[in-house]
Amino acid sequence: MIDTNIIKLLKNSRRVAVLTGAGISAESGVPTFRGADGLWKNYRPEELASPIAFRNNPDMVWEWYSWRKNLIKNCAPNPGHYALAKMEKLFEKFTLITQNVDGIHRQAGSDNILELHGNINRNFCCECRKEYPDNDLVLGSKVNRCSCGGLIRPAVVWFGENLPEEVLEKAFSAVVDCDLFISIGTSSVVYPAALMPLKAKEEGAALIEINMEPTPLTPESDFFLKGACGVILPNLMEDVHNA
Ligand code: BV8
């Protein structure tokens, strides 16, 4: 049973912003980054998810993304994704801001999604920016080249790269406008995403965090729901429905 104060908060909120991280896709089989079996266990992020890494060793970086693309292709939405898709319909305004690049929120039926860090299923040429779907490329250990000769990279935001301006602007306007902010399944260490719950709170929003363990955000949260989001979110939706 979820704390009745949280149910009341959800019932009384009109404009909600949600930030998700890798934790929401963990129960779909997508590895997280910083957990015990995380992607960053064997590599430092800068060695793989940065423009310098790609420039220095495009084949190695492309092989890592090919491995992730093939893995994500077999990952389906879990009850946490579906609960968020349902939650979207409860409020006057609902913005789903995600750090995830796996595209699973859209598969689950969410609509107003802001992909802060891009989407692993899209690719473009570093030189002429021509876009390439995965089906036009060879996934594996050799990077692909564009007809112009440029290297083709995944359409994700790497460390040291700016986030897409329009997406960032829309995200921050939802952050300052919301009366409830829910941070779900993120270690809250990657910026500027990690600033968003703090900014929402500063602007007067209530702040709920859902995670398997405390994060640097937890002390700032009004409510911390400890546990798996694939369990907590459906329970939350059921309690709100029955309230
Ligand atoms: C930028 C690429 C301007 C795609 C990723 C201050 C302000 C601005 C920038 C910075 C700053 N300080 C430092 C920076 C630089 C840097 C940064 O934040 N570094 C950190 C590491 C200190 N930020 C940037 O470079 C950003 N760009 O700001 O541009 C600029 C330009 C130049 C110089 C300065 C500034 C770009 C950031 C984006 C990087 N790209 N990924 C890809 O390959 O995927 S980041 C990567 O981390 C993923 O995108 C991921 O989404 C993101 C965050 O990780 P999480 O989603 O939180 O995942 P994690 O594994 O860490 O945690 C999972 C959590 O889930 C855990 O807490 C776990 O307990 C929980 N969990 C697990 N299972 C469950 C669960 N919870 C509930 N239920 C479960 N079942």
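Let me begin with the lining of the largest cavity, to which α7, spanning 104–107, and β3, spanning 113–115, each supply at least two residues. I should say at once that what we have here is a predicted model, and that what follows should be heard with that in mind.

Staying with that cavity for a moment, a search of the whole structure finds one cavity of 30 Å³ or more, and the space in the largest cavity comes to about 30 Å³. The residues that line the largest cavity are T98, N100, V101, D102, G103, I104, H105, R106, I113 and E115. Of the elements, α7 gives the largest share of this lining, namely three residues. When the lining of the largest cavity is sorted by class, three residues are nonpolar, four are polar and three are charged.

Let me turn from the cavity to the pockets. The largest pocket has a volume of about 1,000 Å³, and it is lined by 49 residues, among which A22, T32, F33, R34 and S187 are the closest to its centre. Two elements, α2 and α5, give two or more residues to the lining of this pocket, and the largest share, four residues, comes from α5. By class, the lining of the largest pocket consists of 26 nonpolar, 16 polar and seven charged residues.

What sits in the largest pocket? It is the ligand that sits there, and I would like to spend a little time on its surroundings. There are 34 residues around the ligand, and those that come nearest are F33, R34, Y65, S187 and N211. As for the elements, α2, residues 23–26, and α5, residues 58–73, each supply at least two residues of the shell around the ligand. The shell itself divides into 17 nonpolar residues, twelve polar residues and five charged residues.

Within that shell, I would point to three polar contacts. In the case of E27, a polar side-chain atom lies 2.8 Å from a nitrogen atom of the ligand. For F33, by contrast, the atom concerned is a backbone N or O, and it lies 2.7 Å from an oxygen atom of the ligand. Then there is R68, where an N or O atom in the side chain is 2.7 Å from an oxygen atom of the ligand. As to how far the ligand is enclosed, the protein covers 77% of the 1,500 Å² of accessible area that the ligand has on its own.

Finally, let me come to the second largest pocket, which holds about 390 Å³ of space. Its lining is made up of 19 residues, and of these G118, F124, R129, A155 and V156 lie nearest its centre. Three strands, β4 at 118–125, β5 at 131–133 and β6 at 152–156, each supply at least two residues of that lining, with the largest share, five residues, coming from β4. By class, the lining of the second largest pocket has eight nonpolar, five polar and six charged residues.

To bring this together, if you have the structure open, I would suggest looking at the largest pocket, where the ligand sits, with E27, F33 and R68 in view. After that, you might move to the second largest pocket, with β4 giving the largest share of its lining, and then return to the cavity with which I began, where that share comes from α7.

Definitions and conventions: Residues numbered from 1 in each chain as written. Predicted model: local features only at pLDDT ≥ 70, side-chain atom pairs only at ≥ 80, totals over all residues. Heavy atoms only, no water. Near = heavy atom within 4 Å. Polar contact = N/O pair within 3.5 Å; in protein donor to acceptor, adjacent residues only side chain to side chain. Areas by Shrake-Rupley, 256 points an atom, 1.4 Å probe, with all protein chains shown as cover. 1 Å grid on protein atoms, 1.4 Å probe; cavity = no way out; pocket = protein on both sides within 12 Å on 5 of 7 lines; lining within 4 Å. Sits in = over half its atoms within 2 Å of the grid points. Nonpolar A, V, L, I, M, F, W, Y, C, P; charged D, E, K, R; others polar. Points joined across faces, edges and corners; volume = space filled by probe spheres on them.
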